[in-house]
Amino acid sequence: MTYKSSLLLAGITAVGALAPPSVMAAPPTYTAGDIFMGFRASAEPGATAVYVVNIGSAASYRDATSTITPNLGSINADLVALYGPDWQTRSDLQWGIAGTPSNTSVTAVNGDTTPTLYGSKLLATVGSPGIGWTIAGSSIRGTIATTISTFYSHFTDYQQSVNSSVAVIQGDGDTFSWRKFMAAGGNASYTSGSQDFGGFSNIEATPSQKLSLFRVTTKDPGTYEGYFAISASGVLSFTPPASGTSYSTWATANANGDAANVDTDNNGIANGIQWFTGLTVNPTIVSGSITWPRVSGNAIPSSAYVQTSTDLVAWTNQGANQASGSGSITYTLPTDQSKIFVRLSVNP
């Protein structure tokens, strides 16, 4: 503990002391199932300090039915002291969220069978969360969960901030700091060389940007649970998917009210497909199959068919109408044709 405290105070001194050592509180606690939010900067002020907050049970976000704002204390005071009053608009400051209920394969925590993974991802457009994290194979998911648990197990090595009972300030070079588990500048043992926590290509964004939260339980793309935003005054909010969001509501907010067959943002995906799948880039063929995610919480469209063509003129429905249901839509390409085109057709 003395060793960690020394590193903590050294890191704080570089950016301005938050409180005298004599009034520092005991380490915050960690309960199985909690998830964490981390901040790190690549320039001064704050390049030598990492800020980590326990934002509570993953289940509280997974099961949210309306926007929630967890009580995290005065994290804004810490963020200002560490990264300056303009922390929320700094382009070099990154924030991300990750968690796992356990690293075992037999214990369930708050309804999450393990290893379940939670990871954030940049949210470019509200209502279009994009494709979730895909971690193929239970053994790989277990390895990532173990890596995240390694970070958790050392969270209480650090004394909490005087401004928040659920936050700690780590030194940039500390062995188990949040930065060491991020691919850029991290420890290769925890990142597999190029992946945050060894499994996510990039869970971070700048604080002015929103973060989708995805839950990964199988080899399929993770499910979208909602999105996080943090205000310039340090208030964290989480918004679950809108219940029964219609295409017209989505289009009014995101596509100038244009029709479903229009590609308003010129990203190669028609508005109706973007509303239904949340994708902002077209999916690719993986091992002979193509998968489209489904945004949970949207209204059920009139139809959703996988269609194929050999000439891009005549299109044929493949299988049943998949407008209702849950989970992603996957189509395996036939191997007995020299040329075939595949698309998803959605009629709101």
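Analyst: Let's start with a yardstick: a residue is buried under 20% relative accessible area, exposed over 50%, and partly exposed in between (1.4 Å probe, protein chains only). By that rule Ser287, at 77% relative accessibility, is exposed. Before we go on, this is a predicted model, where local features need pLDDT of at least 70 and side-chain atom pairs count only at pLDDT 80 or more, while totals for chains, interfaces and linings use all residues. Residues are numbered from 1 along each chain as its sequence is written, and side-chain values use heavy atoms, leaving out hydrogens and water.

User: Okay, where does Ser287 sit?

Analyst: Look in the loop between α7 and β10 (289-292). Those labels come from DSSP runs, numbered from the N terminus: helices are H or I with at least four residues, strands are E with at least two. Ser287 also has a phi near 50°, which is positive although the residue isn't glycine.

User: Which loop holds Asn256, and is Asn256 buried or exposed?

Analyst: Asn256 lies in the loop between α6 (247-254) and α7 (271-277). With 68% relative accessibility, Asn256 is exposed. Its phi is positive too, near 55°, again in a residue other than glycine.

User: What about the peptide bond from Glu44 to Pro45?

Analyst: That one is cis, with omega near 0°. You'll find Pro45 in the loop between β1 (34-41) and β2 (49-57).

User: Now salt bridges. How many does a search of the whole structure find?

Analyst: The general idea first: side chains of opposite charge can pair when their charged atoms come close. The cut-off here is a side-chain nitrogen of Lys or Arg within 4 Å of a carboxyl oxygen of Asp or Glu. Searching the whole structure turns up six of them.

User: Which residue forms a salt bridge with Asp172?

Analyst: That's Arg179, and the closest N and O atoms of the pair are 2.0 Å apart. Arg179 is buried, at 11% relative accessible area, while Asp172 is partly exposed at 24%.

User: Which residues are linked in a network of salt bridges?

Analyst: Arg62, Asp63, Asp112 and Arg215 are. Take Arg62 and Asp63: their side chains meet at 2.8 Å, N to O. Arg62 is buried, with 18% relative accessible area, but Asp63 is partly exposed, with 46%.

User: And how do Asp112 and Arg215 fit in?

Analyst: Their side chains form a salt bridge too, at 2.7 Å, N to O. This pair ties together distant parts of the chain, 103 residues apart: Asp112 is in the loop between β3 (93-99) and β4 (117-123), and Arg215 is in strand β7 (residues 210-216). Asp112 is buried, at just 2% relative accessibility.

User: You mentioned β4. How do I read strand pairing there?

Analyst: Two strands pair if DSSP finds at least two bridges between them. β3 and β4 pair in the antiparallel sense over two bridges, and across that pairing Gly99 stands opposite Tyr118 in β4. On to β4 and β7: they're antiparallel as well, over seven bridges. There, Ser120 faces Leu213 in β7.

User: Why is β4 largely enclosed by the rest of the structure?

Analyst: Because five of its seven residues are buried. Try picking out β4 and then following its pairing to β7, the strand where Arg215 sits.
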